[in-house]
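Work through these exercises on helix packing with the model open. Each task is followed by a stepwise solution.

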Amino acid sequence: MKLYNSATHRKEEFVPHVPGKVSMYTCGPTVYHFAHIGNLRSYIMEDILEKYLRYIGYEVTRVMNITDVGHLSSDADTGEDKMLKGAQREHKSVMEIAQFYTDAFFADCEKLRIRRPEIVQPATGMIDAYIRVISRLLETGYAYQAGGNVYYDTSKLERYYIFNEHDEEDLAVGVREGVDADENKRNKTDFVLWFTKSKFEDQALKWDSPWGVGYPGWHIECSCICIHYLGEYLDIHCGGIDNAFPHHTNEIAQSEAYLGHPWCKYWMHVHHLNTQNGKMSKSSGEFLTVSLLEEKGFDPLVYRFFCLQSHYRKGLTFSWENLENARAAYDKLVARIASLDTDGAPDDPEAAPYEEAFRQPLGNDLNTSLAITRLYDVLKSELGGAAKRALIAQFDQVLGLDLLEKAARKQAEQAQVSVTASAGYTVTGEGDPEVDALVLQRAEAKKAKNFAEADRIRDLLKGQGIEVSDVPGGAVWRRV
Ligand code: AMP
Ligand code: ZN
């Protein structure tokens, strides 16, 4: 497959370090609040990458960290501690909110059919590894102590900033974010590996270290967790585009200095979900969650479908109107699948080109919207219903839209279900056992000449918008 590599700024043929196997690392959420649907856009698109790699036969091992320590409100080591801020807001301990929002995150992922990585590692669980790596960086001269903290010395690298073609300009912006410059830093791009002199007197989580009691900087967790579980050579590292600098730049700096060789070959960055007022973020502006979408009556998979309709390397603007359009398209798609017949064989050889046509755009830097178009092509084709369903089942291994399940549910709703009662009385209806039972009770009341009761039930059903018609040998009901 071809994948755009932000490290080289071009699409490249993907070749893993070990043939047939892929190691994949994802920066996980900072668990001080619910994930917003922007965060989840990143996780949906990374999920598509993972599922596509599996679909074309790779064995994928995926690792995700959970940031429950060390992330300050500015990525440049300044501002407030995000976890502490969350705990104070909710009058809970840091570990309580970490657990709560981690669970909430995975509940959202499940609703969006985002596969949970096989390894999920909270940052607080690997302090020993950070101490080991930081010690080595100090020994080899890549790190220094100043003012009680340990810093990474970015001047020791041949090339520090690699993700953007407009290095200097963006670097300036990135650094400007850290308004209250840290005078301990030797270079403006240096970053903290270990804090002991924290401006947060009440920092909740602290650990002993050779440099004093303190806590790790944000970036070190990803390097250490990744190397610990996936080894010295990583195939793909993913995250949202805002993670590229300084987080990923710093991960590369630390990891390569520690390992002494190149570390990760492919970097995949998902561009932002924006509102009409700019980037959706946890700290400012409009903050939309999966629960809010549900409250407004949207199936979370409509949001997944919405994300798949655009390319991951372009910003995506959210509006309720856009989401409404996605819902209409998704519902229509499900309805079309529900109306397929069962003609023909599922393994029709004529289906092969359609499978290839689906694989091709995904293999070209995950063109999900074109892949969906290819799914519509299947529906429009001359193939029999059975072959169409088989193809849709295959495609949905990557798309994760529950298409056949949703279609089956729709069919069941639409189906005319018959219930045969004793003595050959048949109720035919729209598949609601409660209504069937009431219709039967009415028939029994009539048989017993209890017409008042029979009329009462008829009126009750009428009140629910249900019309009952007597037919030879039974009754038929329908919603009007
Ligand atoms: P955080 O919980 O802030 O550490 O972010 C979790 C993931 O969401 C990271 O990969 C971010 O880069 C990504 N992210 C943050 N904001 C957005 C956004 N508006 N659109 C897409 N991805 C985002
Ligand atoms: Zn990370």
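## Helix packing exercises

H219, I220, C222, S223 and I227 in α6 meet H247, N250, E251, Q254 and S255 in α7. By class, this contact of α6 with α7 holds three nonpolar, six polar and one charged residues. The model is predicted.

**Exercise 1.** Classify the orientation of α6 to α7, and give the handedness of the crossing of α6 and α7.

*Solution.*
Step 1: Locate the helices. α6 spans residues 219–230 and α7 spans residues 244–259.
Step 2: Take the geometry. The angle is about 55°, and the axes lie 8 Å apart.
Step 3: Classify. Roughly perpendicular needs 65 to 115 degrees, and roughly parallel needs under 35. α6 and α7 are therefore oblique to each other.
Step 4: Give the hand. α6 passes α7 in a right-handed crossing.

**Exercise 2.** Describe how α4 packs on α7, from axes to residues.

*Solution.*
Step 1: α4 covers residues 127–139. Its axis comes within 10 Å of that of α7, crossing at roughly 70°.
Step 2: So α4 is roughly perpendicular to α7.
Step 3: On α4, the contact uses V133, R136 and L137; on α7, Q254, A257 and Y258.
Step 4: The classes are four nonpolar, one polar and one charged.

**Exercise 3.** Do the same for α10 and α14.

*Solution.*
Step 1: Helix α10 (residues 320–338) and helix α14 (residues 403–414) cross at roughly 70°, with axes coming within 8 Å.
Step 2: α10 is therefore roughly perpendicular to α14.
Step 3: V334, A335, I337 and A338 of α10 touch L403, L404, K406, A407, K410 and Q411 of α14.
Step 4: Seven of these residues are nonpolar, one is polar and two are charged.

Definitions and conventions
Residues numbered from 1 in each chain as written. Chains lettered and ligands numbered in written order. Predicted model: local features only at pLDDT ≥ 70, side-chain atom pairs only at ≥ 80, totals over all residues. Axes fitted to C-alpha atoms, helices over the stretch in contact; angles between N-to-C directions. Helix = DSSP H or I, 4+ residues; strand = E, 2+ residues; numbered from the N terminus. Parallel < 35°, antiparallel > 145°, perpendicular 65-115°, else oblique. Left-handed = near helix turned anticlockwise from the far one by under 90°. Contact = placed C-beta atoms within 7 Å. Nonpolar A, V, L, I, M, F, W, Y, C, P; charged D, E, K, R; others polar.
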